[in-house]
Amino acid sequence: MKALSHLVVALLLFFTYELFAQSCPSDYNSTATVTSAMGSCSATGNPVYQGFGFSDETLTIEAGATLTITGDFAVYDDVIVYGTLIVTDDMEIVSGGSLWVAPGGMVDVGDDFTNGGYISSGSTGVDGTMVVGGDFTNRGTGTVNVGEDGSLQTGSFTNDGGTVNVAGGDTDCTTNGCCGDCAALPVVMVDLRASNTNGVALITWTTAQELDNHYFEILKLEESSEIFTTIGTVNGHGTTKESITYSFIDEDFNADSYYQIRQVDFDGESETFGPVALTTASKQDLIVDVYPNPTVSTIKISGNGFTGFSIHNLRGQLIRTENNRLTREAELIINNTLANAKGTFFLTFWNEEQKVVKRIVKR
């Protein structure tokens with residue numbers, strides 16, 4: 001009975017965790033994670049503090065997630081960015097704090113960025129892309145490391161005696177406000193999302209800067225299809241360092257679909273962003289069935305209404321989480337992930353407002 005009661009408690013804790021797992025953190029001045037399942041989160045303040053306390057705190061932004069800080073952002077401990085961090089005003093790294101922009105990560109600061117305090121240190125590592133609209137000031141206590149594939153682009157760069165290490169590319173940050181991989185970025189995309197609005201698909205995306213941007217193509221792949229097709233175009237703004245938000249409405253939205261945005265330069269060069277997944281089901285109509293159960297091989301998934309999923313084992317340990325995945329792709333990934341596994345697993349399917357948990361047994 002004791003073992004059974006422990007199992008019940010474990011399951012209750014697991015489901016409680018799942019209930020709140022998709023909510024954005026309420027406090028960024030603590031250890032927190034913005035997950036891909038959350039999508040986009042935001043905070044407002046002058047400044048918003050991170051790690052301003054007596055314990056060591058880490059803020060992590062996962063790949064596929066976006067955190068927007070409206071106002072200033074002061075970092076006292078550690079911020080790790082695999083996804084996207086947008087700060088509309090100033091950002092500073094002080095009191096021994098650190099910022100790491102991981103490969104594939106993006107940080108966009110609208111105004112000035114300060115690395116290091118007058119007495120306390122600060123560390124900034126860039127292995128992804130970092131764009132600062134104003135001045136990047138590296139104080140004497142600051143250390144900046146730009147990796148081989150990292151790109152740090154600023155309105156201007158002022159080094160007040162700190163340490164600057166650049167692995168490759170342009171190595172003098174003060175020359176043109178760029179160091180590392182300074183290949184021109186035609187478009188810095190900081191947000192891309194799709195929403196089901198009264199039965200039509202609303203696609204929105206935001207750029208932090210544009211260079212010779214001619215237009216955007218909106219591409220669509222219905223889940224039952226095999227290739228993306230172009231369904232419309234939106235003109236770009238040529239060259240600008242202003243943040244611009246675009247939108248496109250797909251009225252022919254009759255099946256669960258993926259959307260991509262292809263940006264095209266005036267010279268014909270292009271870059272593709274996405275995809276993002278969107279379901280025709282209402283946010284309150286999440287219906288999923290998993291069978292056969294128990295199973296000795298693969299499972300089938302029927303139903304729709306979800307755009308992401310996660311897999312946990314009986315102990316509540318996360319095995320895999322995926323965002324922007326519709327039914328057919330989710331089924332393939334789950335079967336590949338659990339191909340050689342045996343035991344009891346919990347599959348959680350979610351959309352913006354709901355979740356469904358399915359318990360399966362593999363023998």
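**Reading salt bridges and burial**

Author: Let's start with one residue: Arg 320 is partly exposed, with 32% relative accessible area (buried is under 20%, exposed over 50%, partly exposed in between, using a 1.4 Å probe and protein chains only). This is a predicted model, where local features need pLDDT of at least 70, side-chain atom pairs count only at pLDDT 80 or more, and totals for chains, interfaces and linings use all residues. Residues are numbered from 1 along each chain as its sequence is written, and side-chain values use heavy atoms, leaving out hydrogens and water.

Reader: Which side chain does Arg 320 meet in a salt bridge?

Author: Side chains of opposite charge can pair when their charged atoms come close. Here Arg 320 meets Glu 322, at 2.9 Å from N to O (a salt bridge needs a side-chain nitrogen of Lys or Arg within 4 Å of a carboxyl oxygen of Asp or Glu). Glu 322 is buried, at 12% relative accessibility.

Reader: Which residues are linked with Arg 320 in a network of salt bridges?

Author: Glu 322, Arg 325 and Glu 329 are linked with Arg 320. Within that network, Glu 329 and Arg 325 pair at 2.5 Å, N to O. Glu 329 is partly exposed at 27%, and Arg 325 is partly exposed at 21%.

Reader: How many salt bridges does the count come to?

Author: The count comes to 9. One of them joins Asp 250 and Lys 220, at 2.9 Å from N to O. Asp 250 lies in strand β20 (residues 244-250) and Lys 220 in strand β18, so this pair ties together parts 30 residues apart in sequence (strands are DSSP runs of E, at least two residues, numbered from the N terminus).

Reader: Are Asp 250 and Lys 220 buried or exposed?

Author: Asp 250 is buried, at 6% relative accessibility, and Lys 220 is buried too, at 7%.

Note on methods:
Helix = DSSP H or I, 4+ residues; strand = E, 2+ residues; numbered from the N terminus.
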